[in-house]
Structures are given as C-alpha cells and as structure tokens.
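Visitor: Please take a close look at the ligand site. Which residues are around the ligand, and where are the polar contacts?

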Amino acid sequence: MIRVKNLTFLYEKNQEPVLKAINTTLNEGEYTAIIGPNGCGKTTLVKHFNALLPPLEGDVEVNGLNTRSKKSLLEIRRQVGMIFQNPDNQIIGMSVEEDVAFGPGNLGLPAAEVRKRVDLALEKVGLTGFETRAPHSLSGGEKQLLALAGLLSMNPSYIVVDEPTSSLDPAGKESVLALLLQLKNQGIGIIHVTHNMEEAAIADRVIVMNQGEIVADGSPRNILSRVDWLKSLNLAPPKITELIWELNQAGIKLETNIFSIKEAAEKIAALSASVKDSINCNMP
Ligand code: ADP
C-alpha cells in the first residue's frame, strides 16, 4: 500500500503550495487513474510515490517504508517503477535485452537469473524476438513497452505511468493500455496520470485533482458521468458520456453513467424497443 499522509509540497519559497495536505492510499492490484487540469499537481504527486521528490510536510510510505528514509530508497524505487511521457529519456542499453537487464544487473543478481528476468519481462510485454534490436529503432509504442519491461524485470509492486500514450498512434495506445490492465490483473498496482477521460474509464478508481488538492475519488462511473463538473475543471468528459448527457438534456431519459459506445448502443436500442412496444400496445 502507498500511504500519503498530509502531503504538502512546493518547489520554490513563496510559491503557492503545489500539493496541499493530500491524504490518500493506493493499493496493489488496483488500477487508479489520476486526472486533473494542467498544472494541478498530478506529476508532482506521483513523483513522491518513488521518492523522486521528498515531502515538504507530511509523509509518503510504500509498504511501510518512508520515502524520507535514505536507506529505503533503492527498495522503494524497486517497488514503485515509474515511466514518464517520453521513454527515450529512460533508455540506457545499446540493445533491447541490455536495456531490460540494466535494473536486475544492478541488483547484483547471478547472470542466469538476470537472463531469466529479461526473457520473462520481454515476453510479458510482447517484445520477445526484439532482444538484439537497438532501442532507438523501436516505434514509440514499442519503446513504452520496453520501458515497462525494464520495470517488470525488477518485480515491482506498483507501476506509475505519466501520460504514457500521449505521443502514440491508436495501435500503440491500445497495446500499452491492454498491458497495463493485464499487469493489474496480475496484482500490480497501476497508477496512471492522464488527461484523457476515455483512458481514465478503464481504471478501477479515478482520483481528480485540482489546484493541489484531491477534489474527488471514486469509480469511473461515478466520476466521469459528472459531465458539467468535469467541464468546469477544463476536463473533457468521454465523448460518449457527453452525448448521453446531451440526450438527457433533450429529454431522452438514459442513465448518464455510460462511457462505452457498445453500452450506449445497447441502452439506446433497449429504449427504442420499449418505445415501439408502447406504440404497439396503444394501437386500437
Ligand atoms: P500536472 O502534472 O498536473 O500538470 P505538475 O505537478 O507538473 O502538474 O505541476 C504543478 C505545479 O508545479 C505547476 O504550477 C507547475 O508550474 C509547478 N512546477 C512543476 N515543476 C516545477 C519546478 N521544477 N519548479 C517550479 N515549479 C514547478
């Protein structure tokens, strides 16, 4: 469990606090999306999860290890892997396998164990066969998968991804999101910073931040159906949710917490079938 207790942070003296007494808990095996307008503090918050930033006030604990403790630093970084928007900055090796081997190699593990971990991590992300490729020759999506393989080779408890799909094409996005879901199902806690509400919809839980505070925390159905409220925060609700909301405004009564096209089509089809039935019943 990652416990955040009264976390306050600012980068520069006299700056308005970027994080204001935040309290929350993130769990292994849970997929949490963190959303909020630009500059609200999402990246600053998640950088506290693996001790990239130390709290100014309050504490962050990863499975009981305080991120202020220098002696826990390596273990915290192993348990909480983090990937940022541009995976190029995280590529270290000259080949795919060398890149993935870097972390476990640094743990001082025997060569056979490193090899095993590299092979397993590449298999998990679907990059088996890419071992000898130069990382820079990979596509954007493949580079993100490579970065994920690097984290997986360390057997993390949590993976934090900050806008991981923003520069990817639809196929690249899909493979990264599918992998994140699969890793969650294997028990890893996924923490996904995103401004894309369609992506947030796949999470188990959505945390909404605004101006350095958590302003909502709940299921995607609960949070993403608040169309007006999301817009007031400069966030674009999922298109399908907005359409259903607009239909409701126009008097067509549908549940508003719908955010998949398939589900919307089913509800609209059911509604039109019930209208047809009632017309048939009323016929003389
Ligand atoms: P988000 O991820 O929600 O866009 P950030 O956590 O990146 O927000 O930034 C929160 C606030 O902190 C913003 O006002 C930003 O300008 C400020 N900030 C971020 N990094 C630094 C820094 N290194 N020095 C000073 N201010 C910063």
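Guide: A polar contact is a pair of N or O atoms within 3.5 Å; within protein, one atom must be able to donate a hydrogen and the other to accept it, and residues adjacent in sequence count only if both atoms are side-chain atoms. This is a predicted model, in which local features need pLDDT of at least 70, side-chain atom pairs count only at pLDDT 80 or more, and totals for chains, interfaces and linings use all residues. Residues are numbered from 1 along each chain as its sequence is written, and side-chain values use heavy atoms, with hydrogens and water left out.

Around the ligand, taken as having a heavy atom within 4 Å of it, are Y11, E12, Q15 and V18, together with P37, N38, G39, C40, G41, K42, T43 and T44. By class, this shell comprises four nonpolar, six polar and two charged residues; Ala, Val, Leu, Ile, Met, Phe, Trp, Tyr, Cys and Pro count as nonpolar, Asp, Glu, Lys and Arg as charged, and the others, Gly among them, as polar.

Backbone and side chain both take part in the polar contacts. A polar backbone atom of G39 lies 2.7 Å from an oxygen atom of the ligand, and one of C40 lies 3.1 Å from a ligand oxygen. For T43, an N or O atom in the side chain is 2.9 Å from an oxygen atom of the ligand. Of the 560 Å² of accessible area (Shrake-Rupley method, 1.4 Å probe) that the ligand has on its own, the protein covers 60%.
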